[in-house]
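Colleague: I'm new to this one. Can you walk me through it?

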Amino acid sequence: SAAAGGVAAGGGVAAVGGGLGEVAALLLRQFEAGEADHPAHRATLLLRSEQRPDSLTVVASTLEAVGAVQRLKPNSLWHASSTHPLARDAFAALRSGNARLRSPHGTAAETSAVPLKDSSGRTFGVLLSLAPALPDPFVQVMIRAAEPAFERAWKRERAERLLQSACEWLG
C-alpha cells in the first residue's frame, strides 16, 4: 500500500507513500499549476537515502518524467558512482549545495538541479527540472517556499522510522 512505503499516483505525479510523498507530490503539482506554459513538465525530487547515506532515493516524479526516464520511478535508488547525466547533476548539487541552473527562461534543452536545504543549511535532497526545464527563477522561488514543509515531513518520517525500529527492538 502507499501508506506502507508503496507508490501512489495522482494528479500527474507518482510518489512514495506517507506524508513525505504527499508533500513532494503537492510541490510537483504546484510547479505545473504555476507554469501553465509547461503542462507536461518533467521533474523529480530525490532525498538522501536512509540506508545508504552516499545514495539518493526518488521520492516523487511527474508521470511525464517517469515515462521518459525509468530511473525516475519512486523508490529508485541512485548511487554516487553512477555515470548517468541526471545522477551526476543531482550529486553535484547535493555535494556542493549549489544549484546547477541551465534554464533562465524555461527554454533550455538541459536539466536544472536545485538542492533542498534544511534550516541549518545542510543539503538533504535535490529537485531536478528536466529538459525542457522550467524557468530557473520560478523553480528557485518554489523550492525556497516549500523547503520548511518538506524538511518537517522528512524529519518526521525519519523520527517515525526510528521510533518503529526502537519498538521492534524492544518488542
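Modeller: Here is a quick tour, from the whole chain down to single residues. Keep in mind that this is a predicted model.

Colleague: Fine. How many helices and strands does the chain have?

Modeller: The chain has four helices and seven strands. In sequence order, they run β-β-α-β-β-α-β-α-β-β-α.

Colleague: And how compact is the chain for its 171 residues?

Modeller: Its radius of gyration is 15 Å. The globule rule gives 16 Å for 171 residues, and the two values are close, so the chain is as compact as a globular protein of that length. Along the principal axes, the C-alpha trace spans about 55 × 30 × 30 Å.

Colleague: What share of the residues is buried?

Modeller: Of the 171 residues, 46% count as buried.

Colleague: What about the surface? How much area does the chain expose?

Modeller: About 8,500 Å². Carbon and sulfur atoms supply 55% of that area.

Colleague: And the charges? How many positive and negative ones are there?

Modeller: There are 18 positive and 16 negative charges. Their mean positions lie 6 Å apart.

Colleague: Contacts next. What percentage of them join residues 24 or more positions apart?

Modeller: Counting contacts with a separation of 6 or more, 52% are between residues at least 24 positions apart.

Colleague: Let's zoom in. How many aromatic pairs does the structure hold?

Modeller: Three. One of them is F124 with F150. The ring centres are 6.2 Å apart and the planes meet at 25°, so this pair is stacked.

Colleague: Where do F124 and F150 sit?

Modeller: F124 is in strand β7, residues 123-129. F150 is in helix α4, residues 136-170. The two are 26 residues apart in sequence, so the pair ties together separate parts of the chain.

Colleague: Are those two buried or exposed?

Modeller: Both F124 and F150 are buried. For F124 the relative accessible area is 1%.

Colleague: What other ring does F124 pair with?

Modeller: W154. That pair is stacked too, with 4.4 Å between centres and 15° between planes. It also links distant parts of the chain: F124 belongs to strand β7 and W154 to helix α4, 30 residues apart.

Colleague: Why does W154 count as buried?

Modeller: Its relative accessibility is 8%. The cut-off for buried is under 20%, so W154 qualifies.

Colleague: Which residues do the ring pairs link into a cluster?

Modeller: F124, F150 and W154.

Colleague: Staying in helix α4, what does E151 touch?

Modeller: E151 is part of that helix. It touches D118, S119 and F124, leaving aside residues up to four places away in sequence. So F124 meets E151 as well as its ring partners.

Colleague: Is E151 buried or exposed?

Modeller: E151 is buried, with a relative accessible area of 9%.

Colleague: And how far is E151 from L56?

Modeller: Their C-alpha atoms are separated by 16 Å. Along the chain, E151 and L56 are 95 residues apart.

Colleague: New topic. What is the phi of N75?

Modeller: Near 80°. That is a positive value in a residue other than glycine. Most residues other than glycine have a negative phi.

Colleague: Where is N75 found?

Modeller: In the loop between α2 (63-68) and β5 (77-79). N75 is partly exposed, at 38% relative accessible area.

Definitions and conventions. Residues numbered from 1 in each chain as written. Predicted model: local features only at pLDDT ≥ 70, side-chain atom pairs only at ≥ 80, totals over all residues. Heavy atoms only, no water. Rg over C-alpha atoms; globule rule 2.2 N^0.38 Å. Buried < 20%, exposed > 50% of the residue type's maximum accessible area, 1.4 Å probe, protein only. Contact = heavy atoms within 4.5 Å. Areas by Shrake-Rupley, 256 points an atom, 1.4 Å probe, with all protein chains shown as cover. Lys, Arg positive; Asp, Glu negative; His and termini not counted. Charge placed at Lys NZ, Arg CZ, Asp CG, Glu CD. Phe/Tyr/Trp six-rings, centres within 6.5 Å; stacked < 30°, edge-to-face > 60°.
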